[in-house]
Amino acid sequence: MESKKPPLDSTDRALLRALSSNARASGSQLAADLGLAESTVSLRLRRLHQSGHIVGYHADIDLAVLGAPLQALIAVQLAQHNRADIQKFRREAPTWPGVLSMFHMGGRDDYLMHVAARSTADLREFVVQYLTGHPAVAHTETNLVFEHAAGTGWQQLLA
């Protein structure tokens, strides 16, 4: 299903590119960088938020410094496609300790979970406590993340 958001013009696209480089940039800094009036930047940002083009801001936290240096991607296959069990899983899973994100997938796996843990023992305990005992889950496959590189290719979609 495609979004019915208003189309972006070149100014909106430039503003989104600038924010992707520094989401903490002030309105005056964005205005100076883009050669726009500060009031224009303020109006555009408000419109981009209201339309849902900008859905939030976040800080990238070094999880290793917080004591969780281990990351994994866990593929989850559901036991049955019982609506109540799926909804319960979908509602609960993002709140479990260490869950960074969760993707609903098409194909062999139903979900892919990105999790952080303090150790392999903690990761194993997460899988045992939250996944293997969940009534919606039939099978999991855990893959350790050795390295992660954030992509910037999405910016080409703004062209």
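This report walks through one helix of a predicted model and the salt bridges found in the structure.

**Getting your bearings**

Let's start with what the record says. UniProt, in an unreviewed entry, places the feature "domain: HTH asnC-type" at residues 8–69. In the model, the C-alpha atoms at the two ends of residues 8–69 lie 39 Å apart. That span is 53% helix and 0% strand.

**Helix α1**

Helix α1 runs over residues 10–21, which makes 12 residues. From the first C-alpha to the last, α1 reaches 17 Å, close to the 16 Å expected at 1.5 Å a residue.

Which residues of α1 are buried? They are Thr11, Asp12, Leu15, Leu16, Ala18 and Leu19. These residues cover an arc of only 160° around the axis, so they sit on the same side of α1. Turn to the face pointing away from that buried side, and you'll meet the exposed residues Ser10 and Ser21.

What covers the buried residues of α1? The cover includes α2 (27–34) and α3 (38–50).

The N-terminal end of α1 has a cap as well, and aspartate 9 provides it. One of the side-chain oxygens of aspartate 9 lies 3.1 Å from the backbone nitrogen of threonine 11.

**A closer look at aspartate 12**

Aspartate 12 is found in helix α1. It has a relative accessible area of 1%, which is why it counts as buried: the cut-off is under 20%. Leaving out residues up to four places away in sequence, aspartate 12 touches Pro7, Arg44, Arg47 and Leu48.

With arginine 44, aspartate 12 goes further than touching: their side chains meet in a salt bridge, at 2.8 Å from N to O. This pair ties together distant parts of the chain, with aspartate 12 in helix α1 and arginine 44 in helix α3, 32 residues apart. Like aspartate 12, arginine 44 is buried.

The pair also belongs to a bigger group, as Asp9, Asp12, Arg44 and Arg47 are linked in a network of salt bridges. So the residue that caps α1, aspartate 9, turns up again in this network.

**Salt bridges elsewhere**

How many salt bridges does the structure hold? There are six. Here are three of them, including the one from α1.

| Acidic residue | Basic residue | N to O distance |
|---|---|---|
| aspartate 12 | arginine 44 | 2.8 Å |
| aspartate 109 | arginine 108 | 3.7 Å |
| glutamate 141 | arginine 108 | 3.8 Å |

Arginine 108 shows up twice in the table, once with aspartate 109 and once with glutamate 141. The bridge between glutamate 141 and arginine 108 links distant parts of the chain: glutamate 141 is in strand β4 (residues 137–145), while arginine 108 is in the loop between β2 (99–104) and β3 (111–117). They're 33 residues apart.

Is arginine 108 buried or exposed? Its relative accessible area is 59%, so arginine 108 is exposed. Aspartate 109, at 17% relative accessibility, counts as buried. Glutamate 141 is partly exposed, because its relative accessible area is 35% and that class runs between 20% and 50%.

Key:
Residues numbered from 1 in each chain as written. Predicted model: local features only at pLDDT ≥ 70, side-chain atom pairs only at ≥ 80, totals over all residues. Heavy atoms only, no water. Helix = DSSP H or I, 4+ residues; strand = E, 2+ residues; numbered from the N terminus. Expected span 1.5 Å × (residues − 1). Buried < 20%, exposed > 50% of the residue type's maximum accessible area, 1.4 Å probe, protein only. Arc of directions from axis to C-beta. Contact = heavy atoms within 4.5 Å. Polar contact = N/O pair within 3.5 Å; in protein donor to acceptor, adjacent residues only side chain to side chain. Salt bridge = Lys/Arg side-chain N within 4 Å of Asp/Glu carboxyl O. UniProt positions renumbered as here; feature names shortened; annotations may be inferred.
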